[in-house]
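Here is a short, friendly walk through a model, with a stop at one residue and then at the ligands. Please have the viewer open as you read.

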Amino acid sequence: MQHTVSIALMNDAELSSAIKSEARRLGFELSGIAPAVSPDGLSAFHEWLNRGYDGEMTYIGGREAAYAHPSGVLESVRSIVMLAINYRTADTPASEPGSARVSRYAWGSVDYHDLIRKKLQQLADVMHQQRPGCRTRCVVDTAPLLERDFARLAGLGWFGKNTMLINKRAGSWLFLAALLTDQTLQYDEPHETSHCGTCTRCLDACPTDAFPEPYVLDARRCISYLTIELRGPIPAELRPGMGDWLFGCDICQDVCPWNNKAPRSDEPAFDPVPDLYPADAIALLGLSDDEFRERFRHTPLWRPKRAGLLRNAAIVLGNSGDTRALPALTLRLDDKEPLIRGAAAWAIGRLGGPQEAACMRARLEHEEIAHVAAELSAAIRAIEAKSNQ
Ligand code: SF4
Ligand code: SF4
């Protein structure tokens, strides 16, 4: 006799439970289900945009209206399954001269979007098997959805002063993802309490003062934005605060006590690959277009492109105090990318002496881009000022 399970007979509670079981099997550390409502944080989000804290990320403000309700992502949506996957693997690497730090989320061998999307699709398959004809939409980062609001609503955790979603057991090294559906499900209780208390460690530790107030991030000052999203030169006054951060920044999560006992991820694809743990800033400065594409095409580090990543590497070297970087930086004064030439000049101004100043004077004579010429002039002055001391 053929044995068939009529999964369509599952009621909302049974289906919700089945989805959570499958989510656990797929490696999601946390899961919860929220109704599709207008998010609580909508007015704060509008205020954040009004204050210009999104910087050049105009793709956020351009879809402002769609954030008002998840129906902007999936028409007729009723429920949102919120999921979190843990990416805490190794400890933060030790910092040495010339080494460059990469944000933990990008240490692995894959682009997490691809990995999570596949898992979400498997979860969506459960919905489609059990409610044939239902509609679903998988979301990892790119849709106009206030994911942290829905994660809180689904009971996954609270919104920390560092603006991250924090779970008491799992901490905040979590990728958030969402599965939207037009089906009703059984909803979890929202996480109503906050557990930051009087702690201000994250606010105090931020090297670029990117928190104008608790729970609010001015992305324009955040190293993550500066090193990943910003296409132009990084404002000179923020460069020293970048320290050795090449791509992203983890400081406000590293210092959070809720991450002390956060569990380790068992996803091997998130294990750090050696050349990003830490990265070698001098080696990165030598990358051609083809080499950059070959190494980073399918990783998060592709986003700033070669120009942005080498800009960041030059600034890290400028902050390192390591004069062994000078030959590599001097070569980049002739790079085809103005962004890289300007950052190299700044770094040389920090590390170099009269010989490098002479190189930059020669370069200045035929530099055609105004902002690069200004960087060269400022760097020459910086070296002259050091020589006169
Ligand atoms: Fe500050 Fe770094 Fe946190 Fe950005 S990621 S807010 S720069 S500590
Ligand atoms: Fe909250 Fe302290 Fe963690 Fe900041 S460091 S998010 S204030 S618990």
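In which helix is aspartate 204 found? Aspartate 204 belongs to helix 6, residues 201-205, where helices (H or I, at least four residues) are DSSP runs numbered from the N terminus. This is a predicted model, in which local features need pLDDT of at least 70, side-chain atom pairs count only at pLDDT 80 or more, and totals for chains, interfaces and linings use all residues. Residues are numbered from 1 along each chain as its sequence is written, chains are lettered from A and ligands numbered from 1 in the order in which they are written, and side-chain values use heavy atoms, with hydrogens and water left out.

The predictor's confidence in each residue is pLDDT, from 0 to 100; its mean over the protein chain is 95, and 98% of the residues reach 70 or more.

Back to aspartate 204: its relative accessible area is 60%, so it is exposed (over 50%, 1.4 Å probe, protein chains only). Two distances help to place aspartate 204:

| Partner of aspartate 204 | Distance |
|---|---|
| Threonine 200, polar contact between side chains | 2.9 Å |
| Alanine 378, between C-alpha atoms | 31 Å |

A polar contact is a pair of N or O atoms within 3.5 Å, one able to donate a hydrogen and the other to accept it within protein; residues adjacent in sequence count only if both atoms are side-chain atoms.

Now for the ligands. Among the residues around ligand 1 (a heavy atom within 4 Å) are Cys206, Cys222, Cys249 and Cys252. Around ligand 2 you will find Cys196, Cys199, Cys202 and Cys256, among others.

Notes
Helix = DSSP H or I, 4+ residues; strand = E, 2+ residues; numbered from the N terminus. Buried < 20%, exposed > 50% of the residue type's maximum accessible area, 1.4 Å probe, protein only.
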